[in-house]
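Colleague: I should be grateful for a close look at one part of this model, namely the place where two domains meet. Please describe how they are arranged and what lies between them.

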Amino acid sequence: MVIKWFIQHQIKQSMRASIWQKTLVINIILGLVLLLMLAYLLFLGIFIDVILNEMFPDNDPIILFNSMLLYYFGLEFFIRFFMQSLPTLNLETYLHVPIKRSSIVHFVASKSIVVIGNYLSWLILIPFAVKVIVPNYSVGVALIWLLGIILLIFTNNFLATYVKRHLVGNPAIVGVFGMTSIVLVFLEQFNILSASQLSANFFGHLLEDPIFLLIPCLALLGSYSLNYFYIKSRLYPEEITHKKTQKVDRLANVRYFSRLGMTGQLLSLEMRLLWRHKRTRSMLVLAPLFWGYGLVFYPDAVEGFSLSVIMIFVGIFMTGGMMISYLSYCFSYDSNFFDVILTKYSDIRQYIRAKYILALTVSTISFLVTIPYVFISTQILFINSMIFLYNIGLLSFVLLYVSTYSRKKMDLSKGSAFNYQGFGASHWLTGLPAFFLPIVTFLPFRWAGQPETGIIVIGCLGLIGLLFHKLLLGVVIRQFKKSQYAMAEGFRQSE
Amino acid sequence: MIQANNITKVYHSETVLDIPEITIRQNESFGLVGNNGAGKTTFFRLILDLIRANSGNITSKSIDVRSTNDWKNYTGSYLDQNFLIDFLSPEEYFEFLAEVHGLSKGDLAEFYAEYDEFFAGEILEKNKYIRDLSNGNKQKVGIASALMFKPDLVILDEPFNGLDPSTQIRLIKILNKLKTEDGVTLLVSSHDLSHVTEVCDRIVILEKGKVVTDLATNENTLKELESYFA
């Protein structure tokens, strides 16, 4: 069987992927987080009838649960669309060997079955079926109900991958799906078509008559075929990979930088690096979200805004979030051409200074953008300006220092969501003091009833850092020179 | 020009390079040949201070390469694609290096004119990023970037790899001209024995990190090399 080999290769590929070669600590932490999530879901599943009873004591929990299912599928569809990566197989390695094309296509089409998202909801569904449906109906009915829902989960999976496949070649299809969902929301809003009613009806029928199981079966078959025929018609690698050669953008022609000499060149290089790679670009596009933190945290604090630890954290992330996400990887970004830096730049100070200047620029922009929060409270501006000083005067140097511990090559052409590449435990362990220093500074003053003084002291720490920035930069440079060989060696290793 | 003393490099308790002494004189063209894993690239990386030797030191113009950055001002090098900034277009990359090496706009234009034949219309004004070029064209960009600022010392690791026949011949011409007219010191490694004998007047064979043969090139060299590797 060919499929056996495919599966074997895929398992080997994922076992040998660089994602597992992280330090043990990170793997353990990620594993614990995963376990915790699973435990929460199971807990929710076991007590969902109790919860539903508490919240809606007048409704039948089964009808209620059934009516929510369609919403759940809608939500799941969107989560899948954004999070789930497209299942691919390196076709070129298989197309030239004598394997039937249809088995290759079946394998690629069905590969998304193993995605963990397909199974998470079982943790809620199965306890609900056992605890609520079995006593009310029978084991057989519960099984049919469960089967129907699970088939629809996989239908959803195939539908989402199908739409996502079109994202590369034919964005219009994605638009159609988007419009359809907006229309559905409207219909629901104006009570023309109620998704909850529809959902309750359908799954209600499923409980009464197993013949309705046909619908999920057909839906699954249909959505799978969509994928199958889509891939089959595009089996030639050049048609499926869509490797576009990009045209050169005009970023290099920004005149301003050329006036700054070598530093300008380095800055311009850095901007082009950030803009021309998928990972850094999505980081740039998403960064303004940091500025919105205040909208979440401040409104609650309008009445009696207090100088609290939370507000300091909010301040660090709002005025420094962009800087932090840039600086903590700033040397790994260059992992692809690190040898250029080591053999051609005769002045490493300039190179590191350019990074610092860029960090300074983004945090200044962040600070300026968050000034309007002053209309909520003048205290906010006070905290944020002190933290801004701390960010640019101290935190930035700490982050530069810490990022000399990067040892992993980073492939910037991959997306950034859930991409832990280049992420090391040392980043966090050494970075943490920088985040807690302001808190540790602040707390004694607060206990002494002098929170304002505490905030001012944080700002002063930053000012001192700024005054001695030459010295701090020197420390970073010395550290860089010490670890440049280890960095270069790590960066040279491919995946 | 280059002097290595008691160099050893050990990876995972395996000695990959062990050179008690080697001297490369000014204006010498030095060819390094050897099978995979012989330590050619390791030797070049040591000269470029990209890795640290376990013992010994390397001096360039009598100064330890690890003590200063001065050698960067007169050393042009291209070892592999890590030496390219691949998200730039070739022009952007050359402009950047021109700034690094302090070349003027005129110098750059002169460089483009001089390497016009070598680029064969495949590199400039193509409106492509380096990452989208073919491997051969990337190699051309890399080699040209090593030579563009008229360095005194040129280090190329397997420069003929991936180049089409015309470009290989042009490269031989360019390297010979650098040697005879500009007095450049040349360090080249290659798997191609005939190319390396055409370019270099001294050839060193490395085997498992050790220098096994060190000979001056003459009309019999190619035969000798071929019989050694056969």
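Modeller: In this predicted model, the centres of domain 1 of chain B and domain 2 of chain B, taken over C-alpha atoms, are 24 Å apart. To the contact, domain 1 of chain B gives 16 residues and domain 2 of chain B gives twelve residues. As for the bounds, domain 1 of chain B is made up of 1–74 + 156–165 + 174–230, whereas domain 2 of chain B covers 81–150.

Turning to the buried surface, about 920 Å² is buried between domain 1 of chain B and domain 2 of chain B, and 72% of it lies on carbon and sulfur atoms. On the side of domain 1 of chain B, the residues that lose the most area to domain 2 of chain B are L156(B), L163(B) and I174(B), which together account for 41% of what that side buries.

Polar features are also present. One salt bridge is found across the interface of domain 1 of chain B and domain 2 of chain B. A salt bridge joins the side chains of E114(B) and K177(B), with an N to O distance of 3.9 Å. Two residue pairs are in polar contact between domain 1 of chain B and domain 2 of chain B.

Helix α6 (residues 165–181) of chain B supplies three residues, the largest share of the side of domain 1 of chain B that touches domain 2 of chain B. Sorted by class, that side of domain 1 of chain B holds nine nonpolar, three polar and four charged residues.

Note on methods
Residues numbered from 1 in each chain as written. Chains lettered and ligands numbered in written order. Predicted model: local features only at pLDDT ≥ 70, side-chain atom pairs only at ≥ 80, totals over all residues. Heavy atoms only, no water. Domains from an automatic or database assignment. Contact = heavy atoms within 4.5 Å. Buried area = accessible area lost by both parts, 1.4 Å probe. Salt bridge = Lys/Arg side-chain N within 4 Å of Asp/Glu carboxyl O. Polar contact = N/O pair within 3.5 Å; in protein donor to acceptor, adjacent residues only side chain to side chain. Helix = DSSP H or I, 4+ residues; strand = E, 2+ residues; numbered from the N terminus. Nonpolar A, V, L, I, M, F, W, Y, C, P; charged D, E, K, R; others polar.
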